[in-house]
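These exercises work through a structure one feature at a time. Try each task before reading its solution.

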There are 2 protein chains.
Amino acid sequence: MTDYAAPLADIRFQLSEIADLAEIATLPDCEQATPDLVDAILEEAAKLAGDVLAPLNRIGDEEGSTLENGVVRTPAGFKEAYRHYVEGGWNALPFAPEHGGQGLPLALATAVLEMWNAANMGFALCPLLNVGAVEALTAHGSPEQQRLYLPKLITGAWTGTMNLTEPQAGSDVGALRSRAVAEGDHYRITGQKIFITYGEHDMAENIVHLVLARLPDAPPGTKGISLFLVPKLLVNADGSLGQRNDVRCVSLEHKLGIHASPTAVLAYGDNGGAVGYLIGEENRGMECMFTMMNSARLNVGVQGVAIAERAYQQARDFARVRVQGRPVTAESAGTYPIIHHPDVRRMLLLMRAETEAMRALAYYTAGAIDRARHSGDADERAAQQRRVDLLIPVVKAWCTDLGVEIASLGVQVHGGMGFIEETGAAQHLRDARITPIYEGTNGIQANDLVGRKLLRDRGAAARALIGEMEADADALGDAPGDDLAAIRATLVAGIDVFGQATRWMVDTGEHDTPRALAGAVPYLKLAGATVGGWLMGKAALAAQHRLARREGDAGFNEAKLLSARCFAEHVVATAPALLPGVMGGGTVMSFDIDRF
Amino acid sequence: MTDYAAPLADIRFQLSEIADLAEIATLPDCEQATPDLVDAILEEAAKLAGDVLAPLNRIGDEEGSTLENGVVRTPAGFKEAYRHYVEGGWNALPFAPEHGGQGLPLALATAVLEMWNAANMGFALCPLLNVGAVEALTAHGSPEQQRLYLPKLITGAWTGTMNLTEPQAGSDVGALRSRAVAEGDHYRITGQKIFITYGEHDMAENIVHLVLARLPDAPPGTKGISLFLVPKLLVNADGSLGQRNDVRCVSLEHKLGIHASPTAVLAYGDNGGAVGYLIGEENRGMECMFTMMNSARLNVGVQGVAIAERAYQQARDFARVRVQGRPVTAESAGTYPIIHHPDVRRMLLLMRAETEAMRALAYYTAGAIDRARHSGDADERAAQQRRVDLLIPVVKAWCTDLGVEIASLGVQVHGGMGFIEETGAAQHLRDARITPIYEGTNGIQANDLVGRKLLRDRGAAARALIGEMEADADALGDAPGDDLAAIRATLVAGIDVFGQATRWMVDTGEHDTPRALAGAVPYLKLAGATVGGWLMGKAALAAQHRLARREGDAGFNEAKLLSARCFAEHVVATAPALLPGVMGGGTVMSFDIDRF
């Protein structure tokens with residue numbers, strides 16, 4: 001029941017029709033993404049995900065990672081799987097070629113990342129965090145730091161971590177207290193960091209911690225934070241590994257899910273201070289973090305897509321074999337698998353439709369990042385970057401909230417068996433539940449969307465998006481068929497209300513910020529439903545064109561039309577009704593907090 | 001962080017304004033529910049819940065119940081807590097006085113049941129299942145069975161279980177295979193039952209299993225099922241306990257939540273057959289089950305209310321002490337508890353508002369059951385019974401779906417700490433997740449609402465409800481104030497669409513049942529939001545009357561107006577947008593199941 005097969009047909013369709021990977025492959029530095037190579041990568045990634053990573057998902061949950069005498073052991077099979085992954089060159093896929101990366105488009109890397117996370121989220125978190133370390137070093141590391149660390153982090157021989165959180169400093173990073181004192185060419189780091197994903201483990205030779213800390217004379221808050229590279233094992237000038245640094249794993253958290261992923265409490269400097277090297281400039285650590293924020297948040301959004309796909313596949317496979325009752329559609333006597341029951345079909349189609357919409361949004365945004373990075377035209381790069389900045393909080397929050405809902409629906413499809421841990425459905429719900437929390441809670445994403453992204457340009461980027469959606473909705477009107485007409489009608493209504501809500505947010509945000517922020521989460525949900533509906537509309541139109549041209553698998557294209565229509569009826573149609581909640585901040589802020 | 005204090009102010013308000021307990025106390029056989037006694041019961045129940053049961057909730061989750069050599073041990077403290085509960089006479093509260101019950105109204109018993117489940121759902125499941133056994137024996141047991149078993153079950157000295165499910169027979173009870181063969185004045189039962197809540201435990205002297213099984217010559221399906229009483233220890237004619245019956249606990253399930261509650265696999269008849277006594281007539285076992293279905297489903301809905309209240313209190317208490325960041329509302333420098341952040345306030349108010357609406361629906365329905373049982377007027381009894389039959393699936397499904405959502409929001413308020421098991425927030429989500437599944441999945445509730453309750457009277461009971469809601473919405477229009485006007489506007493729109501959806505369901509259900517059933521869950525959600533909005537509107541009006549009369553706590557009444565408005569803006573306002581999903585069965589049923 002816990003098999004996973006990468007949904008290659010939809011992945012290929014969306015890379016083609018939504019991200020337009022063929023166009024990305026025409027951009028400078030993206031030419032290596034030829035159709036043949038893309039196909040080969042997707043096929044091979046699907047094999048590694050399905051054959052190696054997915055079978056370890058349950059054991060990862062049951063065993064978890066364990067700490068004994070400062071040593072963290074990952075679950076049985078993880079070490080070997082990671083060696084497979086590194087030896088296959090998978091870790092290098094998205095990185096620039098200068099230090100050994102394959103330099104492939106992010107849209108493609110995103111599809112592959114989805115597979116790792118669907119197969120085994122507890123495993124995939126290790127390379128996910130490594131991406132942030134590579135990006136920070138690529139953007140801000142000295143040439144010597146890049147020479148010493150990047151090749152090993154890019155192959156995956158070493159792994160990277162992000163050390164932000166302290167007990168008193170979670171969402172409020174500026175409250176952190178870890179100290180860094182200069183000593184010759186390096187610094188001595190002391191302090192305690194919590195919630196460090198793969199902060200200690202046995203899958204790689206070395207671990208490179210990126211640590212936020214304060215210099216003695218640093219100003220308070222986020223303007224006094226610097227970023228340091230603190231290797232678990234010190235690295236000699238020739239790249240060989242030296243002695244153990246003064247950092248150790250004190251404990252692992254006992255978590256609701258992602259048990260395989262060790263969430264470490266790390267103590268720095270119990271013996272005089274860990275050796276750390278400044279990345280970038282002193283007191284500019286937060287800017288370094290912002291460099292990697294967009295891709296980190298995109299990647300967590302992709303985890304939402306991934307866990308939704310996994311939950312869908314598990315529920316579908318169960319519904320096909322679980323025989324129970326006679327559905328009203330039955331033409332003959334006897335019992336049938338529950339997939340014949342109308343409500344089970346509704347649940348499965350909704351899970352599928354929402355997952356496809358989330359995938360569309362994630363791949364579209366990844367493609368926009370590729371364009372923002374590689375387009376030959378500066379205006380185009382800037383326009384794409386504005387689109388990315390606007391959509392990143394939506395990808396992160398909307399996809400992860402839906403990921404939890406879909407994993408919960410997956411449990412529901414199983415009935416009583418869904419509540420029994422051995423079935424595996426409950427694990428997906430437990431694993432998914434972290435994604436709306438980490439990498440900035442979804443409330444913080446909504447605040448970012450409204451308080452930063454909308455207000456800083458007074459809604460200009462949102463209006464550009466709305467204009468493009470309106471034009472595409474018009475195009476749907478020119479196409480024949482009931483499905484597209486129904487999709488178009490709900491989409492037009494959604495865009496209209498999204499436009500009203502955007503204007504209200506910009507106006508209100510300027511003179512009554514608390515009231516605007518109290519409606520930010522419903523606004524983000526409205527944005528997700530509308531943008532998801534737009535992309536599903538594009539997908540439906542493409543599917544209809546393919547049907548008309550007798551191109552590809554007709555069954556797939558017909559299924560896409562229906563999943564897009566289901567998404568329109570169940571999700572896009574509900575979006576306009578979010579408006580009173582968007583504008584309901586007055587009620588929220590009127591409620592006396594002492595009365596809670 | 002895991003304290004629980006029963007929300008007595010709202011419980012009293014809703015018993016008074018929504019269930020109208022004072023009027024119930026005027027009905028025959030309900031006179032003992034005097035205001036003084038009701039107050040005393042609520043106060044004392046709150047103490048037992050808060051002081052004895054709630055502190056055992058975490059330990060119940062961590063230790064769970066364990067099986068060793070056929071003996072099930074409940075977690076530390078549970079046995080003593082159960083003794084307290086029995087000695088306090090709490091188990092007898094809702095039962096008829098003939099066999100030792102206190103004969104108090106169900107509305108009051110429902111409020112008390114909410115407290116047990118909020119304090120410790122794993123514990124409260126034991127008496128919850130016992131209620132079913134008492135009701136079945138009261139309605140269908142022979143005088144001798146009632147004499148021997150009812151007094152002990154009513155005090156709680158013995159506990160009852162319900163044995164329906166077998167591996168191949170879950171929602172499809174008719175597929176069960178357990179056998180019963182007549183032997184003198186009793187039967188010999190053989191077979192295996194799964195998912196038996198408190199099927200074996202150490203809290204009571206004896207366990208009385210109610211077991212569904214088939215006679216050798218029984219017709220297939222649900223028409224060939226009989227109900228048997230199978231005591232764990234046989235009972236002598238003088239009521240003393242005799243030898244061990246041929247039933248044993250083979251294993252306990254490893255579940256996502258409610259770890260304290262032992263979910264047993266029971267083997268009957270490994271040594272020749274367990275001695276069982278027929279309850280009611282042969283082959284009429286399903287009718288006996290239907291007798292207790294309404295109260296069992298109400299009680300599971302109450303679990304949804306309860307876990308939501310518990311999650312709300314935990315999130316609120318955390319938000320008051322967790323200092324993190326400076327909210328936009330801050331008037332001075334420094335950091336503040338997160339309860340000051342607009343989005344945290346939105347989450348808490350929404351949790352509170354939804355919990356109050358669920359409580360209103362549960363207490364209202366319990367009050368209707370009291371009226372259906374006790375009214376002196378036969379027409380009134382019948383009308384109330386129709387209302388109850390219509391609303392029961394809504395109470396069960398809507399309150400449990402929301403219970404899961406609210407528990408998940410509770411995790412979210414905690415941020416990263418919510419994902420750490422020691423915090424306790426995650427337990428509520430894990431515990432809540434069973435409630436949409438057991439006692440008939442929420443999909444089955446929706447099928448019941450549409451396929452049985454709507455279609456059997458062609459929507460007459462629903463139309464009666466709609467008429468009453470419309471009249472009450474009009475009354476809101478006569479009252480002053482922005483809050484009531486906003487509440488009324490959303491309510492009127494919700495009722496209108498609920499009416500349209502009801503007509504569509506009745507029409508479609510008659511000629512295209514699968515299409516109707518594929519929209520049954522959205523229809524039930526629409527019903528819940530609308531009926532919840534109606535009752536919150538009544539509550540708001542009552543609060544405003546109290547304010548005008550300077551009656552009661554002004555702060556409470558003002559809070560009620562705002563929570564009702566929040567519910568209107570975030571929940572009732574979204575209800576009309578469910579219509580395309582209600583009517584979206586065509587899309588669902590068009591999707592080829594081989595394409596999933």
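**Exercise 1. Two residues with positive phi**

Task: Decide whether B:F195 is buried, partly exposed or exposed, and state where B:F195 lies.

Solution. Step 1: B:F195 has a relative accessible area of 24% and is therefore partly exposed; buried means under 20% relative accessible area, exposed over 50%, and partly exposed in between, with a 1.4 Å probe and protein chains only. Step 2: B:F195 belongs to strand β5 (residues 186-197) of chain B. Helices (H or I, at least four residues) and strands (E, at least two) are DSSP runs, numbered from the N terminus. Step 3: the phi of B:F195 is positive, near 60°, in a residue other than glycine.

A second case is B:N283, with a positive phi of about 65° although it is not a glycine. B:N283 is found in the loop between β12 (274-279) and α9 (285-321) of chain B. B:N283 is also partly exposed, at a relative accessible area of 24%.

The model is predicted: local features need pLDDT of at least 70, side-chain atom pairs count only at pLDDT 80 or more, and totals for chains, interfaces and linings use all residues. Residues are numbered from 1 along each chain as its sequence is written, chains are lettered from A and ligands numbered from 1 in the order in which they are written, and side-chain values use heavy atoms, with hydrogens and water left out.

**Exercise 2. The surroundings of a strand**

Task: Find which strands pair with β6(B), and decide whether β6(B) is enclosed or open.

Solution. Step 1: strand β6 covers residues 206-213 of chain B, and eight of its eight residues are buried, so the strand is largely enclosed by the rest of the structure. Step 2: in a regular strand, side chains alternate between the two faces of the sheet. Step 3: on one side of β6(B), B:N206, B:V208, B:L210 and B:L212 are buried, and on the other B:I207, B:H209, B:V211 and B:A213 are buried, which leaves both faces covered.

Step 4: strand β3 (residues 158-163) of chain B runs parallel to β6(B), with six bridges between them; two strands pair if DSSP finds at least two bridges between them. Step 5: strand β7 (residues 226-231) of chain B is antiparallel to β6(B), and six bridges join the two. Step 6: B:V211 is the bridge partner of B:N163, and B:V211 also stands opposite B:F228 in β7(B).

**Exercise 3. Aromatic pairs**

Task: Classify the pair A:Y82 and A:F123, then the pair A:Y364 and A:W534.

Solution. Step 1: over all chains, the structure holds 26 aromatic pairs. Rings of Phe, Tyr and Trp (its six-membered ring) pair if their centres lie within 6.5 Å; planes under 30 degrees apart count as stacked, over 60 as edge-to-face and the rest as tilted. Step 2: A:Y82 and A:F123 lie 6.2 Å centre to centre with 55° between the planes, a tilted pair. Step 3: this pair links distant parts of the chain, with A:Y82 in helix α5 (residues 78-87) of chain A and A:F123 in helix α7 (residues 121-140) of chain A, 41 residues apart. Step 4: A:Y82 is buried at 2% relative accessibility, and A:F123 is buried at 1%.

Step 5: A:Y364 and A:W534 are edge-to-face, at 5.4 Å centre to centre and 75° between the planes. Step 6: A:Y364 is in helix α10 (residues 342-374) of chain A and A:W534 in helix α17 (residues 520-548) of chain A, 170 residues apart. Both A:Y364 and A:W534 are buried.

**Exercise 4. A threonine in a helix**

Task: Describe what surrounds A:T508.

Solution. Step 1: A:T508 is part of helix α15 (residues 482-511) of chain A and is buried, with a relative accessible area of 4%. Step 2: a polar atom of the A:T508 side chain lies 2.7 Å from the backbone oxygen of A:W504. Step 3: leaving aside neighbours within four places in sequence, A:T508 is in contact (heavy atoms within 4.5 Å) with A:T513, A:R515 and A:A516.

Key. Polar contact = N/O pair within 3.5 Å; in protein donor to acceptor, adjacent residues only side chain to side chain.
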